[in-house]
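Reader: I have a model open. Show me how to read a buried residue and a helix pair.

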Amino acid sequence: MVAMPTSSVFRLVSPAPTATALVAALVLGALAACGGGDGPPSPADAGVEPLPTSHCAYEPLPPTAGAGGTVTAGAVEVGLAELPLELPVGTALGGNTSRAAPLDDQGRVDDREVPLSGTFNPSVGVETIPRAKAVAIRAGGETVVIVRTDSIFSDDSLTHAVQARLGPDFAGKLIWASSHTHTAAEQYSGDSKLQVGGGRKRRLVRDAMIDGITEAAQLALADLQPARLGIAAVTGFDPEHRVSYDRRPENDELAGGERKDDYLAVIRVDSPEGVTRAILPVFGVHSAILDDDVAVFSTDVSGMYERVIEEQYDHEVVVIHLQGAAGDVLASSEGHLAFDDDTPRMDFAMSEANARRFLPQVLPVIAAAGEAMQDELAVELVTRSVAVGPDWRALTVRGGALAYAPFDGVRVADGVIFDDAGEIVSPIDEFNAPAGAGLCGDPEDDTFAGGRLPGVDGLAPYHSCADLRIAIDVLGALLDLPMEEPPLCASTRTTVSALRLGDWLIATAPGEPLVLWADLVRQRSPVVPERTIVLGYAQGHVGYLLTADDWLRGGFEPTINVWGPLEGEAIAERLLEVMALAVTPAREDAAAGGADRVSEPVIDDDDVPPADPAPLAGTVPDTVPAGLYVRSGVVPATAEPAATVPRVAGIARLVWIGEDPLSGTPRVTLEREVDGAFVAVRRRSGRPVDDLDLIVTWTPDPPYTQDAPRTHYWAVEWQAVTWLGSTAPGVTDDLEDRAGVPLGRYRFRVDGTGYALTSAPFEVVPGALAVTATAAGADLAITAAHVAVAPDWRLLAVEGPSNRPVPVARGPVTVELTLAGGAVMTVADVAITADGHATVTPPAGATVTALRVIDRFGNHGAVTLP
């Protein structure tokens with residue numbers, strides 16, 4: 001989702017009340033440049049022909065690899081890969097126009113200047129490392145690859161660029177899907193309109209994405225080995241909405257009430273011996289649980305689903321969350337951290353809490369997929385490039401029953417949307433947009449009143465539609481984004497694919513499918529709906545995918561597509577055509593029945609300076625600069641970690657001088673001393689603790705650009721609680737055990753670009769408990785809580801804030817009673833409730849002057865009694 005800075009429609013909100021006025025002035029300027037102020041410009045031929053696309057470069061889609069043969073079942077082989085995407089910190093994060101400095105200015109942490117991100121605030125660090133994960137499947141002479149990246153969306157031209165890198169044997173045999181996290185690097189897309197949600201295109205970011213996807217695919221292909229594959233699916237997933245919920249009330253009447261994506265599928269891969277190798281859960285939920293003021297890379301809730309499943313195994317299992325119909329589905333969340341009003345709401349604990357609620361619901365489906373294993377499958381993947389606008393005839397749907405009137409840009413709409421029976425009137429003359437329109441759906445918004453479509457003033461949902469011939473000039477000028485002349489080239493084509501796996505069918509959606517759109521695809525699928533998997537955010541990104549009836553209900557989702565109410569259904573019908581090809585016995589050349597594709601874009605990075613040299617990289621400074629940015633907001637007094645770090649409230653920090661992020665991103669791992677030697681701390685799955693539990697941030701010094709090279713400071717923080725997937729003796733992965741991180745000596749290891757270093761060791765010591773005790777008849781009523789403080793960020797409990805005192809929720813505890821006269825009485829194995837309450841009975845007639853509580857991990861706290 002290219003999310004605008006409000007839940008309903010794009011508004012221009014600025015710290016100073018100048019942005020709206022600036023947009024109005026830019027609209028007037030755009031109109032004047034076009035030769036008039038009475039409305040959008042008219043094509044010279046009065047719209048008899050579609051707007052020309054001669055400024056766009058196209059090329060044929062290569063013939064589908066393997067076309068001409070017959071689909072036969074064969075022995076299954078699967079290869080797997082996962083790797084970090086080498087995307088530079090400093091890149092703008094995708095998905096929220098509100099991060100643009102001229103608008104909401106969200107995500108600003110200081111006054112640093114980063115030319116790479118342009119007018120969007122730059123990313124400043126890493127909470128979870130963005131990755132590319134790949135599955136290669138071979139059977140019956142067909143080899144296909146699915147790659148999923150932690151990114152905001154896919155891009156058609158980039159998908160085709162990777163296919164070209166893989167070679168002609170993979171023409172049409174690659175699916176690239178994104179997780180849709182709103183806290184990952186953008187600026188890789190070749191689609192000009194998507195710059196509005198994540199900053200101007202950058203060649204170096206695009207090349208890094210192409211390299212990462214290509215390498216992941218190649219590694220998966222090199223890993224091909226005999227396997228078994230099973231698929232299972234359920235409907236009615238998450239009936240209590242503990243994981244996700246429907247965010248779109250506008251279509252409830254069409255949907256028969258509130259509807260979310262309650263279809264959960266799992267694709268599972270085992271070795272021939274029954275060892276689980278990969279799990280691919282498929283369901284739709286916006287990976288946007290974090291706020292738009294978050295300024296670090298995070299895989300958001302999608303990545304957390306993967307992490308909690310990974311740590312159910314004592315070996316590495318590749319887990320890939322694939323999106324379903326997430327367009328109108330949000331992640332259920334409640335804040336788990338307490339913040340001051342002016343503190344960025346980096347509540348990473350919400351992702352883990354949501355994922356922990358997801359886990360017990362997905363495990364039975366994973367087991368069901370294990371019961372459906374097959375070692376032979378018929379496999380075929382077909383891919384087609386399809387034309388959308390600016391030719392309105394390409395958007396005709398329902399066998400010609402629903403169409404647009406020609407786009408002439410001047411005809412005044414008749415204002416009749418539905419007939420007396422409530423059916424859509426055709427041809428539709430309200431969407432008269434030769435280059436497309438955006439920001440539709442709001443019956444009152446007048447931001448682009450000067451670029452309004454003719455005759456729709458006050459007519460919902462068309463009232464707010466902005467003719468892109470005006471809007472792209474305005475937004476391009478406001479946000480300093482290079483835009484080609486309309487129509488925007490990438491908006492004229494998209495890509496659809498269908499993958500047959502035995503009697504299951506995966507259909508790719510090049511955008512954000514809404515639930516009713518996915519229903520349409522499943523209902524008209526050539527296989528039964530229950531075995532039709534809609535894979536969203538895949539191959540390309542046109543915006544939201546809605547049925548025509550749904551689009552005409554207005555609301556937020558229609559703000560982000562280009563070709564109006566018929567675009568979604570037109571793409572669905574083209575998708576259904578390739579789905580039909582995928583289930584035939586023949587291996588067809590799907591490319592032959594489609595359109596040419598948009599060529600690789602020309603992107604100029606001349607305004608991005610080269611990386612600064614870093615002669616001091618790998619050194620720990622004697623002093624910490626006052627302007628250092630760290631997530632906790634607490635600039636450490638020393639660069640090395642404190643000598644001791646208490647459990648729960650304690651945060652170990654290291655500051656070092658490293659590389660310019662344009663040269664690379666340092667990787668930090670946590671190490672622990674075992675038998676006199678430091679070794680990497682590993683999770684149950686065997687993966688090192690190198691993110692999630694660690695947060696890495698970057699600060700250039702000075703913050704402003706200058707002729708001389710800047711010094712680049714990096715910092716890492718670790719809160720002293722158990723890492724996800726802990727295997728320490730006597731410690732489970734339950735939240736109740738988070739205070740049980742093993743005691744002992746730890747250190748950080750940093751592997752940077754051309755250097756490596758280790759921090760001074762620090763010792764983790766028992767944490768403090770906040771204890772109260774009051775008389776309750778002959779007993780003492782006790783409460784005990786772990787002392788967590790504002791800078792902390794890890795999830796400690798499902799109820800209440802995790803950065804305030806958290807009840808000791810699991811016992812037993814030991815209570816030491818200090819009696820009058822100094823004697824100490826120890827009461828062992830005292831039960832404690834989930835909200836941290838316990839009761840002890842002192843000896844009859846004894847006076848207790850003080851009390852000490854020790855939890856089962858040795859954390860302790862005391863209280864003096866009056």
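Author: Start with a cut-off: buried means under 20% relative accessible area. Keep in mind that this is a predicted model.

Reader: Is Asp238 buried or exposed?

Author: Its relative accessibility is 1%, so Asp238 counts as buried.

Reader: Where does Asp238 lie?

Author: In a loop. Strand E9 (228-234) comes before that loop and strand E10 (244-246) follows.

Reader: Which residues does Asp238 touch?

Author: Leaving aside residues up to four places away in sequence, Asp238 touches Val243, Ser244, Lys260 and Gln361. Two of these names come back with distances. A polar atom of the Asp238 side chain lies 2.9 Å from the backbone nitrogen of Val243. The side chains of Asp238 and Gln361 are joined by a polar contact of 3.1 Å.

Reader: Now the helices. What describes two packed helices?

Author: The angle between their axes and the distance between the axes. Here, helix H5 (residues 300-310) packs with helix H6 (residues 349-370) at about 50°. Their axes are 8 Å apart.

Reader: Why are H5 and H6 called oblique?

Author: Angles under 35 degrees count as roughly parallel, and 65 to 115 as roughly perpendicular. The angle of about 50° fits neither range, and H5 and H6 are therefore oblique to each other. The crossing of H5 and H6 is right-handed.

Reader: Which residues make the contact?

Author: On H5, they are Asp300, Val301, Met304, Tyr305, Val308 and Ile309. H6 contributes Ser351, Glu352, Asn354, Ala355, Phe358, Leu359, Val362 and Ile366. By class, the contact of H5 with H6 holds 10 nonpolar, two polar and two charged residues.

Conventions:
Residues are numbered from 1 along each chain as its sequence is written. This is a predicted model: local features need pLDDT of at least 70, side-chain atom pairs count only at pLDDT 80 or more; totals for chains, interfaces and linings use all residues. Side-chain values use heavy atoms; hydrogens and water are left out. Axes are lines fitted to C-alpha atoms, for helices over the stretch in contact, and angles run from 0 to 180 degrees between N-to-C directions. Helices (H or I, at least four residues) and strands (E, at least two) are DSSP runs, numbered from the N terminus. Angles under 35 degrees count as roughly parallel, over 145 as roughly antiparallel, 65 to 115 as roughly perpendicular and the rest as oblique. A crossing is left-handed if the near helix is turned anticlockwise from the far one by less than a right angle, and right-handed if clockwise. Contact means heavy atoms within 4.5 Å. Ala, Val, Leu, Ile, Met, Phe, Trp, Tyr, Cys and Pro count as nonpolar, Asp, Glu, Lys and Arg as charged, and the others, Gly among them, as polar. Buried means under 20% relative accessible area, exposed over 50%, partly exposed in between (1.4 Å probe, protein chains only). A polar contact is a pair of N or O atoms within 3.5 Å; within protein, one must be able to donate a hydrogen and the other to accept it, and residues adjacent in sequence count only if both atoms are side-chain atoms.
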